[in-house]
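Trainee: I have just opened this one and would love some help finding my way around. Could we go through it together?
Mentor: Gladly; ask away as you look.

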Amino acid sequence: MKKGSLKRWLAPVAALWFLQGMLAAPLWAATVQEVVNKYKQKVEAKLEPRFRYFQAAWPPKEIVLLAIKEARNLELWVKDGERWVHVYDYPIRALSGVLGPKLKQGDKQVPEGFYRIDKLNPNSNFHLSMELNYPNLYDRIQAGRDDRDNLGGDIFIHGNEVSTGCLAMGDNAIEDLFVLTAMVGLGNTQVIIAPRDFRSKPVEKIDDKTPEWVLELHQGIAKNMELFKAVN
């Protein structure tokens, strides 16, 4: 093919690629505040009556999201004065892997332990999402003990109902959690992910392949979960 002919053939192809890229890219990117403004009234209508029922202040100053993998449930706890109040339960629509922490990239495991929300993503492919600070310091220390690297990352609590390594909550639930976290503040939101409900089940070694430190982690989670017992 002659050079001039090649250029004439490539030009429309390049234009098509550019057009496809423009169509695939979002034409408008929302901000966190815009998402809060969009869903705040809906979230308040749903949650504020629950807060009133349990005599807890709205909005709360501190929240804990307690996810239990075996039960496929996420509990919303809020701090009201010196007490923790169990306000709401959200079913986890999808999570991958088995009981036990995430150890490496590609193992499809949902992490276990104590995490913070690093950032809110108002333009997620899964409606809305909240990124966990995995791997945290504890995860990195244990990886060093095991001589592991490539721990993976990009772990989110998000909408939709499909997931690999994340907690998929469905769109309505993530709207609640996103707006509430934005209102409370990232620094006042903690996420605890447990393999099972240690408030009613004993802490036991998962299997012989699990690193020894995992039992220690689960004991720490169990001790912390004692703060979150429904008395209301």
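Trainee: Which residue of S8 is the bridge partner of Ile-63?
Mentor: This is a predicted model, so we are reading pairings from predicted coordinates. S1 and S8 pair in the parallel sense, over six bridges. In the bridge that involves Ile-63, the partner from S8 is Thr-189.

Trainee: Which strands are at the edges of the sheet?
Mentor: Eight strands make an open sheet with mixed pairing, in the order S3-S2-S1-S8-S4-S5-S6-S7. An edge strand pairs on one side only. Here the edge strands are S3 and S7 (167-168).

Trainee: How many helices go with the strands in the chain?
Mentor: Along the sequence the pattern reads α-α-β-β-β-β-β-α-β-β-α-β-α. Alongside eight strands, the number of helices is five.

Trainee: Where in the chain is the pLDDT below 50?
Mentor: The chain has a mean pLDDT of 90, and 87% of its residues reach 70 or more. One stretch falls below 50, and beyond near neighbours in sequence it has one contact in the model. Where pLDDT is low, the predicted coordinates should not be read in detail. The stretch to treat this way is residues 13-25.

Trainee: Which element gives the most to the largest nonpolar core?
Mentor: That core has 44 residues, and those with the most contacts inside it include Leu-65, Met-130 and Leu-177. H2, S1, S2 (73-80), S3, S4, S5, H4 (171-184) and S8 (189-194) each supply at least two of its residues. With seven residues, the element that gives the most is H4.

Trainee: Which residues of S8 (189-194) does Leu-65 touch?
Mentor: Leaving out residues up to four places away in sequence, Leu-65 touches Leu-74, Glu-75, Leu-76, Met-130, Ile-157 and Leu-177, among others. S8 covers 189-194, so we look for contacts of Leu-65 with numbers in that range, which are Gln-190, Val-191 and Ile-192.

Trainee: How many residues are in the second, separate core?
Mentor: Among its members are Trp-213, Ile-221, Ala-222 and Met-225. In soluble globular proteins, nonpolar side chains tend to be buried together. The number of residues in this second core is 15.

Trainee: Is Lys-102 buried or exposed?
Mentor: Lys-102 sits in the loop between S3 (83-91) and S4 (113-121). Its relative accessibility is 8%, and the cut-off for a buried residue is under 20%, so Lys-102 counts as buried.

Trainee: Which side chain has a polar contact of 2.9 Å with the side chain of Lys-102?
Mentor: A polar atom of the Lys-102 side chain lies 3.2 Å from an oxygen of Lys-104, but that oxygen belongs to the backbone. Lys-102 also has contacts beyond its neighbours within four places in sequence, including Tyr-134, Leu-151 and Ile-155. The contact of 2.9 Å joins two side chains, and the partner of Lys-102 in it is Asp-107.

Trainee: Why do the buried residues of H3 count as being on the same side?
Mentor: The buried residues in question are Asp-139, Gln-142 and Ala-143, whereas Leu-137, Gly-144 and Arg-145 are exposed on the other side of H3. An α-helix has 3.6 residues a turn, so residues three or four places apart point the same way. The buried ones are on the same side of H3 because they cover an arc of only 105 degrees.

Trainee: Which residue caps the N-terminal end of H3?
Mentor: The cap comes from a side-chain oxygen that lies 3.1 Å from the backbone nitrogen of Tyr-138. Just after H3, Asp-147 takes a positive phi of about 60 degrees. The residue that caps the N-terminal end is Asn-136.

Trainee: To which residue does the cis peptide bond from Tyr-134 lead?
Mentor: Another cis peptide bond joins Trp-58 and Pro-59, with omega about -10 degrees. The bond from Tyr-134 has omega near -5 degrees. It leads to a residue in the loop between S5 (129-132) and H3 (137-146), namely Pro-135.

Technical notes: Residues are numbered from 1 along each chain as its sequence is written. This is a predicted model: local features need pLDDT of at least 70, side-chain atom pairs count only at pLDDT 80 or more; totals for chains, interfaces and linings use all residues. Side-chain values use heavy atoms; hydrogens and water are left out. pLDDT is the predictor's confidence in each residue, from 0 to 100. Contact means heavy atoms within 4.5 Å. Helices (H or I, at least four residues) and strands (E, at least two) are DSSP runs, numbered from the N terminus. Buried means under 20% relative accessible area, exposed over 50%, partly exposed in between (1.4 Å probe, protein chains only). A polar contact is a pair of N or O atoms within 3.5 Å; within protein, one must be able to donate a hydrogen and the other to accept it, and residues adjacent in sequence count only if both atoms are side-chain atoms. A nonpolar core is a set of buried Ala, Val, Leu, Ile, Met, Phe, Trp, Tyr and Cys residues joined through side-chain atoms within 4.5 Å. The arc is that of the directions from the helix axis to the C-beta atoms. Two strands pair if DSSP finds at least two bridges between them.
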